[in-house]
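Could you walk me through how a few labels in this structure are earned? I would like each one set against its definition.

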Amino acid sequence: MADVSDSHGSWQAPATRIVPAGSPLLSLALASMMDEVHAHSGAVYLLAPGEAVLEMAVMAGLPRAFAAPWERVGLSAPIPVAEAARKRQLVWVSGEEQMAGRFPRVAVVLPYPFALAALPVATEHTVYGAVYVTWPGSHPPELSDRERDQLTAACDRLALRLERAAAANHPARPEADLLSTAAAATKSGTPGTVEAARMVARLPYGLCALDLHGRVGFANAATAKLLGVPVEDLLGTPLWASVPWLNDPVYEDRYRAALISQRVTSFVALRPPGDWLSFRLYPSTNGLSVRISRARAVSEMRRAEPEHSDDPAPGLVTISHVLSLASALTEAASVQDVVQLVADEIAPAVGSQTLVVLGTRAGRLHVLGHRGYPDAGVVERFDGLPLDAETPGAQTLSSGVPAFFDSREQLERLYPSRSTTPDGMAAWAFLPLIASGRPVGVCVLGYPETHSFPADERAVLTSLGGLIAQALARALLYDAKLRLAHGLQAALLPHSLPSVPSIEAAARYLPATQGMDIGGDFYDLVLSQGRAAAVIGDVQGHNVTAAGLMGQIRTAVRAYTTVGQPPGEVMRSTNRLLIDLGSELFASCLYLRLDPARGVAVVARAGHPPPLLRRPDGRVRVLDLAGGPLLGIDASATYPTTEVPLAPGSVLALYTDGLIESPGVDIEDALAALGQQLAEKGDQPLDVLADTLVQPDDEAATQERPDDVALLLLRALG
């Protein structure tokens, strides 16, 4: 079961990272913690000075390469260690299935059975970082009380030590990772006794030992014969590096799976030209024993031989980075989502400190977003530059070729004009963003110090540029559709409310956050030939069809009001119109004719939520009015009317169901809560009251609104 345990306070990054000078505080704390709960790997992260970024300070049990995509992570990243620090909570993930459900970015890179616990390293006032520890997949599905208590206590102790170190002004430094000491790489004559060595040498199958980094520490003669590589060439190197036909990420993945899950894994590989070999990997906490033999009946497996080249295949670390970031980019919807995700995920992973994403429109560059620059003016001055300008960004976009500058001197030698626009960085990578053969922008990564870009890093950055481009192209299309939807919605709703004698009015509309941000909720206030009427309604759906039908209904209501039809007849006429249009959508509606001189409102209702009436004494009543069915169902439907007293100081609240309906909340409780708010806040200015009523207390509810919301408030004046 997944578990999140509450802690206390709110997070706050310390001004500096602190540990006692000369003392391996983090390493000792991590080793002790892992020993107490029998974990087989773990790491300590510290908050980077002045950044909302966690940096891995020390790792134990497994090579750091296994966690390479997460050596630097933004606090907002959806991974366990960031969530633990951000929420100051223990995060428990019991296994592979739960990891895929809660943290898919991790599961894509490490699809193996293991359990993980992440905890904040925090005092009452300051979060210094976070810790995670892992267990093999055989760990029980629940974290025991003993493990929970020991981990929490260990993190609390570490936080107090860091706090004391901070007071002594000792800056933190990364510490050496903790891995089991490997035996010196030797030939088959040295492990154990002479008889043991002779026994291993006589075995008909290959036997070799790998350390945690995958390097060969021992190999018998049969291993060399089966692999076709002398023992001395195997020793001290990863197996997939010294044997060319094993240089395939699939095989390296089996080694990672064995170490992380602590379970036996195996694979079959083809040694050219036609010999199939079976590899069985037996893991422990300090390495792997590998048994190599000829595979049986492999011809029936018909495994396609991987293509080989003289160039080494990309390592799993590179592929794991790309997988993690590709998974993250699929979650970005808008352009700003893409910019934020690149800043949170990609920039920390590649060591960049600043980021600019440039787009193109009408033959000019436009700054779509930037992060890391204290002075935004440094970036904004490039906004609007023509594509033929002599700048690295424009040249990269025009040519489609990435550009890498190791130093400021190199950049200014090629682009002398850059000397007049310093941005404080010392190295840059300009990545063209090309989607479906079409340039959509440029991603500029800045580094605070000179930075060489070897060929493999350039290849990785170029690949990431392709992923960013695809996400940016989708986001640009999404933003264009969103602007279109918002424009249509704004055109269909009244731009302002008319001034009605003796009536004060205020209205609000909030689109749903799901779908196209457009819906069928509407409101209006009509003043014609001395007659004043108010209407609110809701056409089912959150799409262009619903919005278009809403516009037709609103226009019809205005027309029927203008010709002087009474409320019940307005409802009947609108109902018949909706049926004549042949639409398959229904609509709810509430219509009222205002008569301030008599102090009443005449109301007709078509399946709409009941309005609320706040009396001058502050009491609120739900007006459970008689009414008819939804519009668009029954051509012969009638809509009875009710006369409601509207004394000076009274407030009528007309609303759509999106204001009171939310998942997991009883509608009667929600209506009672709305009435309570109206009673307590009803004396506020009407615009302030409207904002209060549509603003939920729950921040998550603000971000996730399944239905659009319309609210119309009417206050009778004396």
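**Helices, a hairpin and their labels**

Q: How do you know that the span of helix H1 (residues 25–37) fits a helix?
A: H1 has 13 residues and reaches 19 Å from its first C-alpha to its last, close to the 18 Å expected at 1.5 Å a residue. The expected span is 1.5 Å times one less than the number of residues. Helices here are DSSP runs of H or I with at least four residues, and strands are E runs of at least two, numbered from the N terminus.

Q: What kind of model is this, and how are its residues numbered?
A: This is a predicted model, where local features need pLDDT of at least 70 and side-chain atom pairs count only at pLDDT 80 or more, while totals for chains, interfaces and linings use all residues. Residues are numbered from 1 along each chain as its sequence is written, and side-chain values use heavy atoms, leaving out hydrogens and water.

Q: Why is strand S14 (residues 364–371) called largely enclosed?
A: Six of its eight residues are buried, so the rest of the structure largely encloses S14. Buried means under 20% relative accessible area, exposed over 50%, and partly exposed in between (1.4 Å probe, protein chains only).

Q: What makes S13 (residues 354–361) and S14 a pair?
A: Pairing takes at least two DSSP bridges between two strands; S13 and S14 have seven, in the antiparallel sense. Gly359, for instance, has His366 in S14 as its bridge partner.

Q: Which residues of H1 are buried?
A: Among them are Leu25, Leu26, Met33 and Val37.
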